[in-house]
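Please find below a short note for a reader new to protein structures. The points are best read with the model in view.

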Amino acid sequence: MNAGRATSEAEIMRYLKERGFPVAAPFAAVIEKVFVLRRFYLITVFEEDAVGLLEYLQTCKKREKMRAIVRLAELLWGLQQAGVYHRDLHLRNVLVTREKPPHPPRF
């Protein structure tokens, strides 16, 4: 990740958070220097009891899976409607918190 991408992702996350999307809050950006190369990492605030979407889907019941998939589809539609393209959005970095029913999982 380069500096521009780290900054862009933090700005996207802030924009989405301000509009009520359930996103992790950006905390800091870290620069790692390796010889002449630099790597940038975006660090987010820790989400209590959060697990990755794939892990969640492997461990929950069918009804919970369907709710999670529907909720993800709603959020992806909302991203599209907001004009947001997140080039690093994939199943491994979608987090789910286990909430008590009837509230759907939060991504």
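**Note on helix α3, the cores and the surface patch**

1. Helix α3 comprises 20 residues (62-81), and at 1.5 Å a residue it should span 28 Å; its end C-alpha atoms lie 29 Å apart, which agrees. The expected span is 1.5 Å times one less than the number of residues. Helices are DSSP runs of H or I with at least four residues, strands runs of E with at least two, numbered from the N terminus.

2. The model is predicted: local features need pLDDT of at least 70, side-chain atom pairs count only at pLDDT 80 or more, and totals for chains, interfaces and linings use all residues. Residues are numbered from 1 along each chain as its sequence is written, and side-chain values use heavy atoms, leaving out hydrogens and water.

3. Which residues of α3 are buried (under 20% relative accessible area, 1.4 Å probe, protein chains only)? They are A68, L72, L75, G78 and L79. Seen down the axis of α3, these buried residues fall within an arc of 120° (taken from the directions from the axis to the C-beta atoms), so they line one face of the helix. The face turned away from this buried side carries K62, R63, W77 and Q81, which are exposed (over 50%).

4. The largest nonpolar core has nine residues: V51, L53, Y56, L57, C60, A68, L72, V94 and V96. Such a core is a set of buried Ala, Val, Leu, Ile, Met, Phe, Trp, Tyr and Cys residues joined through side-chain atoms within 4.5 Å. Its largest share, three residues, comes from α2.

5. Just after α3, G83 takes a positive phi of about 75°.
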